[in-house]
Each structure stands twice: as structure tokens, then as C-alpha cells.
Amino acid sequence: QVQLVESGGGLAQAGGSLRLSCAASGNIFRINAMGWYRQAPGKQRELVAAITSGGLSNYADSVKGRFTIARDNAKNTVYLQMSRLKPEDTALYYCNAETVTRSPVRNLELWGQGTLVTVSS
């Protein structure tokens, strides 16, 4: 079984910081892109940031300059450092990974269970 386990959400004040972590485990041969999405109440899920296995990253315009995505390939873990948080960053944050599994070898997209980030004004 393969899975993503997230941690690090919580409550922060506007202007503060939080760090999210997401670790992949199980029958994984390779992880290609990893990323973070978020969904605020009444809104669609949106991409926050993504990073390739080689370290190339991209960000939503709304978080550029405030959020940083990073990954540790040896640990199959992706991080999201969130700084200068705003109330509009409040959402459920989901980790995503494009994996290739072992035995059988197949592409499998994984989603974490979601971690809540609440930013108070």
C-alpha cells in the first residue's frame, strides 16, 4: 500500500509562518512531481506549488515570494514553508505525488488526507 501522510497544519496569525510536511511511503519505485494544493470553503481546489524530482518548482501567483516548496528525495518527503501568511491562505491543504509503484509497475497519483491551515487576522 502506498500513501501520503501530511503534518504541520494549524493556526497562525496573519504575518506568521507555518511549515507543512508530506511523506510518501509504501511500494514506491519512483516519485516524479510532488505538490501542494489547497481548497478553501466554497472554492475549488487549486495548485499552490509543485516541484519536480530535479528540483524545478512553480507557484501560484498568490503565494509567490511568500511560500517555498522543497523536497528530500531520499526521504520521499515534500515540504511547504509558508511565510507572511494572510487570512486568505486559510484552507485545507493537500499533498499530491505522481508515483511509479513497484510490482506491479504502474503510474499512481496519490493524495494526502489534507491538513487544515487557519490564519487569523
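The paragraphs below lead from the protein chain as a whole to two of its hairpins and then to a few single residues.

This is a predicted model, in which local features need pLDDT of at least 70 and side-chain atom pairs count only at pLDDT 80 or more, while totals for chains, interfaces and linings use all residues. Residues are numbered from 1 along each chain as its sequence is written, and side-chain values use heavy atoms, with hydrogens and water left out.

A good place to begin is the secondary structure, where the protein chain has 0 helices and 11 strands. Here helices (H or I, at least four residues) and strands (E, at least two) are DSSP runs, numbered from the N terminus. Read from the N terminus on, the elements follow one another as β-β-β-β-β-β-β-β-β-β-β. The radius of gyration of the protein chain is 14 Å, close to the 14 Å that the globule rule gives for 121 residues, so the chain is as compact as a globular protein of that length. This radius is taken over C-alpha atoms, and the globule rule is 2.2 Å times the number of residues to the power 0.38. Along the principal axes, the C-alpha atoms of the protein chain fill a box of roughly 50 × 25 × 20 Å.

Of the 121 residues in the protein chain, 40% are buried, where buried means under 20% relative accessible area, exposed means over 50%, and partly exposed lies in between (1.4 Å probe, protein chains only). The accessible surface of the protein chain comes to about 6500 Å², and 48% of this surface belongs to carbon and sulfur atoms; such areas come from the Shrake-Rupley method with a 1.4 Å probe, and for residues only the protein chains shown count as cover. Contacts give another view of the chain, a contact being heavy atoms within 4.5 Å. Among the contacts in the protein chain with a separation of 6 or more, 56% come from residues 24 or more positions apart.

The next topic is a hairpin in the later part of the sequence. Strand 9 (residues 91–101) and strand 10 (residues 106–111) run antiparallel and are joined by 6 bridges, and two strands are said to pair if DSSP finds at least two bridges between them. Within this pairing, Ala97 stands opposite Leu110 in strand 10. There are 4 residues between the strands of this hairpin, and Ser103 takes a positive phi near 40 degrees there, although Ser103 is not a glycine. At 67% relative accessibility, Ser103 counts as exposed. A cis peptide bond, with omega about 5 degrees, joins Ser103 and Pro104, and Pro104 also lies in the loop between strand 9 and strand 10.

A second hairpin is formed by strand 7 (67–72) and strand 8 (77–82), which run antiparallel and are joined by 6 bridges. The bridge partner of Ile69 in strand 8 is Leu80. The side chains alternate along strand 7, with Phe67, Ile69 and Arg71 pointing to one face and being buried, while Thr68, Ala70 and Asp72 point to the other face and are not buried. This hairpin has 4 residues between the strands, and Asn76 takes a positive phi near 50 degrees in it. Asn76 is not a glycine either, and at 26% relative accessibility Asn76 counts as partly exposed.

Finally, some single residues show how parts of the chain that lie apart in sequence come together. Thr101 belongs to strand 9 and counts as buried at 3% relative accessibility. Leaving aside neighbours within four places in sequence, Thr101 is in contact with Val2, Asn27, Ile28, Phe29, Arg106 and Leu108. The C-alpha atoms of Thr101 and Gln1 are separated by 9.5 Å, with the two residues 100 residues apart along the chain.

Val2, one of these partners of Thr101, lies in the segment before strand 1 (3–7) and is buried at 16% relative accessibility. With neighbours within four places again left aside, the contacts of Val2 include Ser25, Gly26, Leu108 and Leu110. Thr115, in strand 11 (residues 115–120), is likewise buried, with a relative accessible area of 11%. Not counting residues up to four places away in sequence, Thr115 touches Glu6, Gly8, Gly9, Leu20, Ala91, Leu92 and Tyr93.
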